[in-house]
Amino acid sequence: KGKGGTSSYKRKLEEKKKKVDAHLEHTWNLLYVSASAAADAATAQLGVSKGELFGKDAENAAVTAALTETSVIQQTKAWLQKEGVRVEAFESKGSSLLKSKAVETADAKRREDSFIVKHLPAGASAAELRERFARFGELVRCSLAPSGTVCIVQYADKGAATRAFQKLAFARYRHVPLYLEWAPEDVFVNGGAPPVASEGAKPGAEDEENDEDEDEEARGCLFVKNLNFATTDEGLKAAF
């Protein structure tokens with residue numbers, strides 16, 4: 001009986017382990033933004049402190065956190081469209097978000113001139129990243145999402161992209177390592193052609209334009225606090 005009981009116990013442990021192992025592979029989305037990163041992005045855009053944004057009420061803070069995450073995700077989607085990037089290319093699989101890799105089919109290929117920089121820290125600077133990646137060759141694009149958590153880097157030369165990837169993968173940026181992943185072959189809607197710049201645009205004008213766009217988004221973004229849970233979208237639209 002004792003032996004049988006032990007065998008049964010081991011069998012239950014093995015079954016439990018199999019269930020856990022079966023759920024280790026999760027589907028993630030690189031559009032995902034943590035509550036902390038969303039709060040950092042929102043406070044930076046609005047020019048307020050986290051205390052001013054969230055207040056002291058726990059329930060209202062939870063609602064505000066959900067709103068900030070939604071706002072940041074919408075901004076990121078708009079940024080991807082502007083960059084000519086397929087949103088689906090940002091879906092990934094792995095046992096954790098940091099270890100996730102882009103979802104691939106059996107014949108999936110990767111680009112040799114472009115990679116994604118994932119999970120950047122709060123306060124990541126487009127100018128800093130551009131300067132760092134430009135050390136290895138001519139850049140077609142080095143674009144940072146409005147949330148500051150994801151960056152897309154594309155080189156004019158495949159060799160330069162390879163050198164940059166080899167040297168900078170897991171290199172320290174501020175207080176965290178750089179997580180790089182080669183972009184899927186079909187990541188760009190237009191096949192990888194650089195974003196069309198306005199005629200007569202000066203070098204650096206794109207970065208200035210992005211800053212202006214972010215300022216406009218900040219001025220046009222309004223967080224409504226202390227809402228009742230019975231509040232509806234229609235009611236809010238009618239109020240404004």
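# Exercises on strand 6, helix 5 and their surroundings

Cys 151 is buried, with a relative accessible area of 1%. The exercises below start from this residue and work outwards through a model that is predicted.

**Exercise 1.** Determine how many disulfides the protein chain contains, and examine Cys 142 and Cys 151 in that light.

*Solution.* Begin with the criterion, which requires a pair of cysteine sulfur atoms within 2.5 Å. Next, take the sulfur of Cys 142, whose closest cysteine sulfur, that of Cys 151, is 3.9 Å away and therefore too far for a bond. Seen from the other side, Cys 151 is in no disulfide, and its nearest cysteine sulfur is that of Cys 142. The count for the rule accordingly comes to zero disulfides. Finally, consider accessibility: Cys 142 is buried with a relative accessible area of 6%, and Cys 151 is buried with a value of 1%.

**Exercise 2.** Establish which way the residues of strand 6 point, and whether the strand is enclosed or open.

*Solution.* First recall the general pattern, in which the side chains of a regular strand alternate between the two faces of the sheet. In strand 6, Cys 151, Val 153 and Tyr 155 point one way, whereas Ile 152 and Gln 154 point the other way. Then apply the burial cut-off of under 20% relative accessible area: five of the five residues of strand 6 are buried, so the strand is largely enclosed by the rest of the structure.

**Exercise 3.** Identify how strand 6 pairs with strand 4 and with strand 5, and give a bridge partner from each pairing.

*Solution.* Take strand 4 to begin with: strand 4 and strand 6 are antiparallel and share four bridges, and Ile 116 stands opposite Ile 152 in strand 6. Turn next to strand 5, which runs antiparallel to strand 6 and is joined to it by five bridges, with Leu 139 having Tyr 155 of strand 6 as its bridge partner. The hairpin of strand 5 and strand 6 has six residues between the strands, and there Gly 148 takes a positive phi near 75°.

**Exercise 4.** Describe the buried side of helix 5, the elements it packs against, and the cap at its N-terminal end.

*Solution.* Start by listing the buried residues of helix 5 (residues 126-134), which are Leu 129, Arg 132 and Phe 133. These residues cover an arc of only 90° around the axis, which puts them on the same side of helix 5. Then look for their packing partners, which are strand 4 (110-118), strand 5 (139-144), strand 6 (151-155), helix 6 (158-168), strand 7 (172-173) and strand 9 (179-184). Last, inspect the N-terminal end, where Ser 125 caps helix 5 through a side-chain oxygen that lies 3.3 Å from the backbone nitrogen of Ala 127.

**Exercise 5.** Locate His 119 and Arg 174, and state the phi value of each.

*Solution.* His 119 is in the loop between strand 4 and helix 5, and its phi is near 55°, a positive value in a residue other than glycine. Arg 174, in turn, belongs to the loop between strand 7 and strand 8 (176-177), and its phi, near 60°, is likewise positive in a residue other than glycine. Arg 174 is partly exposed, with a relative accessible area of 41%.

**Exercise 6.** Place these details within the protein chain as a whole.

*Solution.* The secondary structure comprises eight helices and nine strands, and buried residues make up 34% of the 240 residues. Of the contacts with a separation of 6 or more, 70% come from residues 24 or more positions apart. The chain exposes about 14900 Å², of which carbon and sulfur atoms supply 53%.

Notes. Residues numbered from 1 in each chain as written. Predicted model: local features only at pLDDT ≥ 70, side-chain atom pairs only at ≥ 80, totals over all residues. Heavy atoms only, no water. Buried < 20%, exposed > 50% of the residue type's maximum accessible area, 1.4 Å probe, protein only. Helix = DSSP H or I, 4+ residues; strand = E, 2+ residues; numbered from the N terminus. Arc of directions from axis to C-beta. Contact = heavy atoms within 4.5 Å. Polar contact = N/O pair within 3.5 Å; in protein donor to acceptor, adjacent residues only side chain to side chain. Pairing = 2+ DSSP bridges. Areas by Shrake-Rupley, 256 points an atom, 1.4 Å probe, with all protein chains shown as cover.
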